[in-house]
Amino acid sequence: MIRDDKNIFFDLESLASIGKNVIIGKTVRIRKPERVSIGDGSIIDDFTYVSCGLTVGKYTHIGAGAVIIGGNAHVSIGNFVNIAPGCRIVAASNDFTGGGLVGPAIPSHVASEAIVADIKIADHVLLGVGTVVLPGCELPEGVATGAMTLVTPRIQLEPWTLYVGIPARPIRKRESKHILEAAARLDGSPDT
Ligand SMILES: CC(C)(COP(=O)(O)OP(=O)(O)OC[C@H]1O[C@@H](n2cnc3c(N)ncnc32)[C@H](O)[C@@H]1OP(=O)(O)O)[C@@H](O)C(=O)NCCC(=O)NCCS
């Protein structure tokens, strides 16, 4: 583990697990570090906020100011994923239809039912700046999103496809061959 100076919010030792050569910015806030695992070579940039269970694979980058929230839900992020600055991955919400009072400030006996659903982001996914991912989404291998894309669970995402817009629509396929070959070379190299 590389300590990017001492984290100001939590003790890095309290994470569920942390791999080799991990960099976590000192202003990254992880509310429940015992529910968070981070794989070898991954980086989480400053001002990122995490308030749910989280698994991050290896060689994954979470850019500055990302928000990953979801109470009791779990967000899993694969290997070689890049999450650009300002993305919001939201694994818990409300249906906004009026079943009760809303939000974490409300006592449970008068609160409406929350929508809580895990999010899975597979290997080689790229999220453009400001992408929003809603509860229950599953992003298959190699999905990419343009800046400010909205991904909802009703959208059936195809692997190795670039999506843009609100809601996300596909605009083209991505070439996987060279990416997968490079990942295999890295996996097989002696310094990994
Ligand atoms: C998605 C992206 C890669 C596409 O770039 P491109 O190949 O040059 O795409 P084009 O400009 O030719 O646009 C293709 C179409 O997608 C639309 N489009 C492109 N990016 C879009 C976006 N972010 N949101 C909505 N629509 C978008 C264009 O309007 C165009 O639509 P049309 O065919 O109906 O006219 C680029 O626009 C983008 O959003 N990049 C993300 C950059 C980023 O966040 N990087 C991370 C840095 S850490």
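**View 1. Open sheet of six parallel-paired strands, E2 to E19.** In this predicted model, six strands with parallel pairing form an open sheet in the order E2-E5-E8-E11-E16-E19. Its edges are strand E2 (17-18) and strand E19 (138-139), each of which pairs on one side only. Within the sheet, three bridges link E5 and E8 in the parallel sense. One residue pair across these strands is Val36 with Leu54, its bridge partner in E8.

**View 2. Open sheet of six parallel-paired strands, E4 to E21.** Another open sheet of six strands, with parallel pairing, follows the order E4-E7-E10-E13-E18-E21. Strand E4 (29-30) and strand E21 (150-151) are at its edges; each has a single partner strand, so one side of each has no neighbour in the sheet. Strand E7 (residues 49-50) and strand E10 (residues 67-69) run parallel and are joined by two bridges. Val50 has Ile68 as its bridge partner in E10.

**View 3. The largest nonpolar core and the surroundings of Val133.** The largest nonpolar core has 41 residues, of which Val75, Ile89 and Val133 touch the most other members. At least two residues of this core come from each of strand E5 (36-38), strand E8 (53-56), strand E11 (74-77), strand E13 (88-90), strand E16 (119-121) and strand E18 (132-133). E5, E8, E11 and E16 belong to the sheet of View 1, whereas E13 and E18 belong to that of View 2. Residues up to four places away in sequence aside, Val133 touches Ile89, Val90, Ile119 and Val151. In soluble globular proteins, nonpolar side chains tend to be buried together.

**View 4. Ile115 in strand E15.** Ile115 is located in strand E15 (residues 114-116). It has 18 C-beta neighbours inside 10 Å and therefore counts as partly exposed, given that a buried residue needs 20 or more. Apart from neighbours within four places in sequence, the contacts of Ile115 are Ala92, Ser93, Asn94, Asp95 and Pro135. Arg172 is 57 residues from Ile115 in sequence, and their C-alpha atoms are 31 Å apart in space.

**View 5. Strands E20, E22 and E23.** Strand E20 (residues 144-145) runs parallel to strand E22 (residues 161-164), and two bridges join them. Thr145 has Tyr163 as its bridge partner in E22. E22 also pairs with strand E23 (residues 169-173), here in the antiparallel sense and over four bridges. Opposite Val164 stands Arg169 in E23. The hairpin formed by E22 and E23 has four residues between the strands, and Gly165 in the turn has a positive phi of about 95 degrees.

**View 6. Residues around the ligand.** The residues surrounding the ligand are Gly63, Ala84, Gly128, Val129, Gly146, Ala147, Met148, Leu162, Val164, Gly165 and Ile171. Val164 and the turn residue Gly165 from View 5 are thus shown again, here among the residues around the ligand. By class, this shell contains seven nonpolar and four polar residues, and no charged residues.

**View 7. Helix H1.** Helix H1 (residues 177-188) has 12 residues, which at 1.5 Å a residue should span 16 Å; the 17 Å between its end C-alpha atoms agrees with this. The number of buried residues among the 12 of H1 is zero, so the helix lies largely in the open.

Key:
Residues numbered from 1 in each chain as written. Predicted model: local features only at pLDDT ≥ 70, side-chain atom pairs only at ≥ 80, totals over all residues. Near = placed C-beta within 6 Å. Nonpolar A, V, L, I, M, F, W, Y, C, P; charged D, E, K, R; others polar. Expected span 1.5 Å × (residues − 1). Pairing = 2+ DSSP bridges. Core = buried A, V, L, I, M, F, W, Y, C linked by C-beta atoms within 7 Å. Contact = placed C-beta atoms within 7 Å.
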